[in-house]
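This report looks at how parts of one protein pack together. It moves from a pair of helices to a pair of domains.

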Amino acid sequence: MASRHPLHEVRRPDFELGERHLRVVDLFAGCGGLTLGAAQAAHDHGLAIEVPLAVDFEQAPSDVFKANFPKANAHVAAVESYFDGAIGAEPTRTELNVSEQVGAVDLLIGGPPCQGHSNLNNHTRRDDPKNRLYLRMARAAEVLRPRVVVIENVPAVVHDSQQVVTRTTEELTRIGYRVAATRVELVQLGIPQTRRRHILLAVRSDALTAGLSVEDLLKFEPQNTHDLRWAIGDLEHASTDRWIDVPSRMSPENQKRIQWLIDHDELNLPNERRPKCHQGDHSYVSMYGRLAWSQPAQTITSGFGSMGQGRYGHPSQPRTLTPHEAARIQGFPDYFRFDAAVTRTQLSVIIGNAVPPALSRVLTTRLIALRVLDSDS
Ligand SMILES: C[S@@+](CC[C@H](N)C(=O)[O-])C[C@H]1O[C@@H](n2cnc3c(N)ncnc32)[C@H](O)[C@@H]1O
């Protein structure tokens with residue numbers, strides 16, 4: 001029997017079932033893309049997932065996280081209120097409490113906010129104080145002493161004026177971790193999206209299997225690559241009964257633009273058909289563009305419902321991507337519930353901010369297979 005499309009799965013696997021556990025702490029957890037990938041990998045290996053702590057300071061993504069991981073100890077709070085001590089200092093009273101309540105941790109994962117060093121933003125914002133939140137991951141590692149730490153970010157994080165990657169690497173090394181970093185092309189992990197991410201991996205020295213280097217662990221197995229049709233082809237004429245399948249309303253001008261692209265079999269809108277304020281600026285050729293079935297999508301951001309924010313025109317329909325399609329392109333299977341988001345803007349931000357689960361799935365799979373992550377060993 002042909003195996004079911006992994007993104008069409010509507011029944012959530014019982015990620016909490018199993019005698020052996022993978023204990024995961026997720027900081028800046030958002031809706032839980034990284035946790036989902038770790039849970040999928042654990043499930044594939046017969047391990048149950050346990051989330052003794054997940055933290056995000058926004059209510060809406062936390063509600064989505066909680067809806068998908070009801071047993072997780074998820075909190076709406078600032079990460080720095082849980083890990084409030086200086087790096088290298090004795091743990092604070094709060095940190096001692098957190099560490100006592102959380103217990104042993106296998107995997108500490110986190111995607112600190114990246115607005116400060118995203119290439120999509122102004123370059124002068126690289127010294128945004130938010131970038132220092134990256135270093136809170138090192139502090140959390142110092143307090144919790146997990147076997148493995150994974151920090152996900154945009155590739156431009158390496159150019160950050162605060163040198164957060166170098167400083168975090170130094171700190172993690174100082175406290176007994178082996179550290180390596182890499183840039184991952186998500187297309188190579190089977191995600192139909194031209195998104196690149198920076199991954200910093202740190203393994204506690206005693207957890208590193210003999211003969212393995214931390215660099216070896218970042219050598220992922222190549223996955224089957226997929227195009228856009230694979231991810232959303234079945235949703236081309238989806239019923240709009242559910243909120244998640246309803247596209248954004250478009251202005252009559254934008255409807256004409258996407259219809260023109262479809263009728264003329266063009267992916268890029270000619271200059272004269274763009275709004276006046278966007279004419280002449282060809283650095284953003286993808287704006288007002290149409291996606292191609294046979295290619296990966298561009299990076300999904302919270303603007304996926306707007307022609308003016310990128311190449312988000314549907315390949316064959318006079319509309320932009322629906323939230324459901326954007327979630328699929330991020331690699332979320334249909335069993336992942338986004339209905340806890342209250343407004344459409346929240347839904348778009350949650351989906352656009354999410355980390356494709358494939359990233360942590362592939363990495364966690366490798367860590368389990370090589371027995372770096374196995375809580376009973
Ligand atoms: C890029 S998103 C994380 C996506 C998530 N890791 C995933 O796997 O889907 C960054 C998240 O950090 C949260 N955030 C930003 N600053 C924070 C802080 N100081 N404390 C807690 N959460 C924070 C934001 O609300 C946002 O949900």
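In this predicted model, helix α5 (residues 133-144) packs with helix α6 (residues 164-174) at an angle of about 10 degrees. Their axes lie 9 Å apart. Angles under 35 degrees count as roughly parallel, so α5 is roughly parallel to α6.

Which residues of α5 meet α6? Tyr134, Leu135, Ala138, Ala141 and Glu142 do. On the α6 side they meet Val164, Val165, Arg167, Thr168, Glu171, Leu172 and Arg174. By class, this contact of α5 with α6 has seven nonpolar residues, one polar residue and four charged residues.

Now the domains. The protein is divided into two parts, with these bounds and contact residues:

| Domain | Residues | Residues in the contact |
|---|---|---|
| Domain 1 | 21-227 + 354-369 | 25 residues |
| Domain 2 | 228-352 | 28 residues |

The C-alpha centres of domain 1 and domain 2 are 29 Å apart. Between them, domain 1 and domain 2 bury about 2100 Å². Carbon and sulfur atoms carry 62% of that buried area. How many salt bridges are there between domain 1 and domain 2? The count is zero.

Key. Residues numbered from 1 in each chain as written. Predicted model: local features only at pLDDT ≥ 70, side-chain atom pairs only at ≥ 80, totals over all residues. Heavy atoms only, no water. Axes fitted to C-alpha atoms, helices over the stretch in contact; angles between N-to-C directions. Helix = DSSP H or I, 4+ residues; strand = E, 2+ residues; numbered from the N terminus. Parallel < 35°, antiparallel > 145°, perpendicular 65-115°, else oblique. Contact = heavy atoms within 4.5 Å. Nonpolar A, V, L, I, M, F, W, Y, C, P; charged D, E, K, R; others polar. Domains from an automatic or database assignment. Buried area = accessible area lost by both parts, 1.4 Å probe. Salt bridge = Lys/Arg side-chain N within 4 Å of Asp/Glu carboxyl O.
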